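Student: I have a structure in front of me and would like to learn how to read it feature by feature. Could you guide me through it, with the general idea before each case?

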Amino acid sequence: TPIPGATPVASSSAWTGYYFGNQYLDDLKFTRIDPSIDFNWERTSPGTGVPNDLWSARWISTQYFASAGLYEFYAQVDDGVRIYVDNNLVVNDWFDHRGVSKGTVNLTAGPHTVKVEYYDFGREAMITVWWAKK
């Protein structure tokens, strides 16, 4: 759900998703192509080999930004999230929480590598990521 007043920009390309069997992004269970980062697993696993609780994921994509300027990146999550743009940390809420995290970065027009890291501690698991030009 976007922040009021922010216009989400749709992803211009798919994400390679890496799903891990622990919270530490180091027990890879499977990879897949995800068209967007918009998931609500509730209390279930995202896929084969990944437990219902205590797991993590990483998505990487090259996204095209049509114009230069300040962009706000958002993640609505239930537990921890980090967002990197061109290997620069933009959002760093790597702790147990539920809510919207955001960070701002100045981008040139053109392609940029976006990486999102997420972990689920327990119970509910969800993440939605979007961005908007300021």
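**Reading contacts, sheets and backbone angles**

Tutor: Let us start with contacts, keeping in mind that this is a predicted model. A contact list that leaves out residues up to four places away in sequence shows, for Asn52, that this residue touches Arg43, Thr44, Ser45 and Asp120.

Student: Where does Asn52 lie, and is Asn52 buried or exposed, or something in between?

Tutor: Asn52 sits in the loop between strand E3 (38-42) and strand E4 (55-65), and with a relative accessibility of 40% it counts as partly exposed, because that value falls between the cut-offs of 20% and 50%. The side chain of Asn52 also reaches the backbone nitrogen of Ser45 at 3.2 Å, and the C-alpha atom of Asn52 is separated by 7.6 Å from that of Gly122, although the two residues are 70 residues apart along the chain.

Student: How should I read a sheet, and in which order do the four strands of the open sheet stand?

Tutor: A sheet can be read by following its strands from one neighbour to the next. Here the order is E3-E10-E5-E8, with antiparallel pairing in an open sheet of four strands. E3 and strand E8 (98-107) are at the edges and have a single partner strand each, so one side of each is left without a neighbour in the sheet. On average, neighbouring strands of this sheet are turned by 15° against each other when direction is ignored.

Student: How many bridges join strand E5 to E8, and which residue in E8 stands opposite Gln76?

Tutor: Ten bridges join E5, which covers residues 69-78, to E8, and the two strands run antiparallel. Opposite Gln76 stands Val100 in E8.

Student: Which residues does Thr128 touch?

Tutor: Thr128, found in strand E10 (residues 125-133), touches Ile37, Asp38, Phe39, Tyr74, Ala75 and Gln76, again not counting residues up to four places away in sequence. One of these, Asp38, is joined to Thr128 by a polar contact of 2.9 Å between the side chains. Thr128 is buried, because its relative accessible area of 13% is under 20%.

Student: What is the strand order in the open sheet of six strands?

Tutor: The order there is E2-E1-E4-E9-E6-E7, and the pairing is antiparallel. The edge strands are E2 and E7, each of which pairs on one side only, and neighbouring strands of this sheet are turned by 15° against each other on average, with direction ignored. Within the sheet, six bridges join E6 to strand E9 (residues 110-120), and these strands run antiparallel; Val81 has Tyr118 in E9 as its bridge partner.

Student: What should I look for in the backbone angle phi?

Tutor: As a general idea, most residues other than glycine have a negative phi, so a positive value deserves a second look. In this structure, Leu25 has a positive phi of about 60° although it is not a glycine, and Asp86, also a residue other than glycine, has a positive phi near 50°.

Student: Where are Leu25 and Asp86 placed, and is each of them buried or partly exposed?

Tutor: Leu25 lies in the loop between strand E1 (15-20) and strand E2 (28-34), and at 11% relative accessibility it counts as buried. Asp86 lies in the loop between strand E6 (80-85) and strand E7 (88-93), and at 34% relative accessibility Asp86 counts as partly exposed.

Methods: Residues are numbered from 1 along each chain as its sequence is written. This is a predicted model: local features need pLDDT of at least 70, side-chain atom pairs count only at pLDDT 80 or more; totals for chains, interfaces and linings use all residues. Side-chain values use heavy atoms; hydrogens and water are left out. Buried means under 20% relative accessible area, exposed over 50%, partly exposed in between (1.4 Å probe, protein chains only). Contact means heavy atoms within 4.5 Å. A polar contact is a pair of N or O atoms within 3.5 Å; within protein, one must be able to donate a hydrogen and the other to accept it, and residues adjacent in sequence count only if both atoms are side-chain atoms. Two strands pair if DSSP finds at least two bridges between them. Axes are lines fitted to C-alpha atoms, for helices over the stretch in contact, and angles run from 0 to 180 degrees between N-to-C directions.
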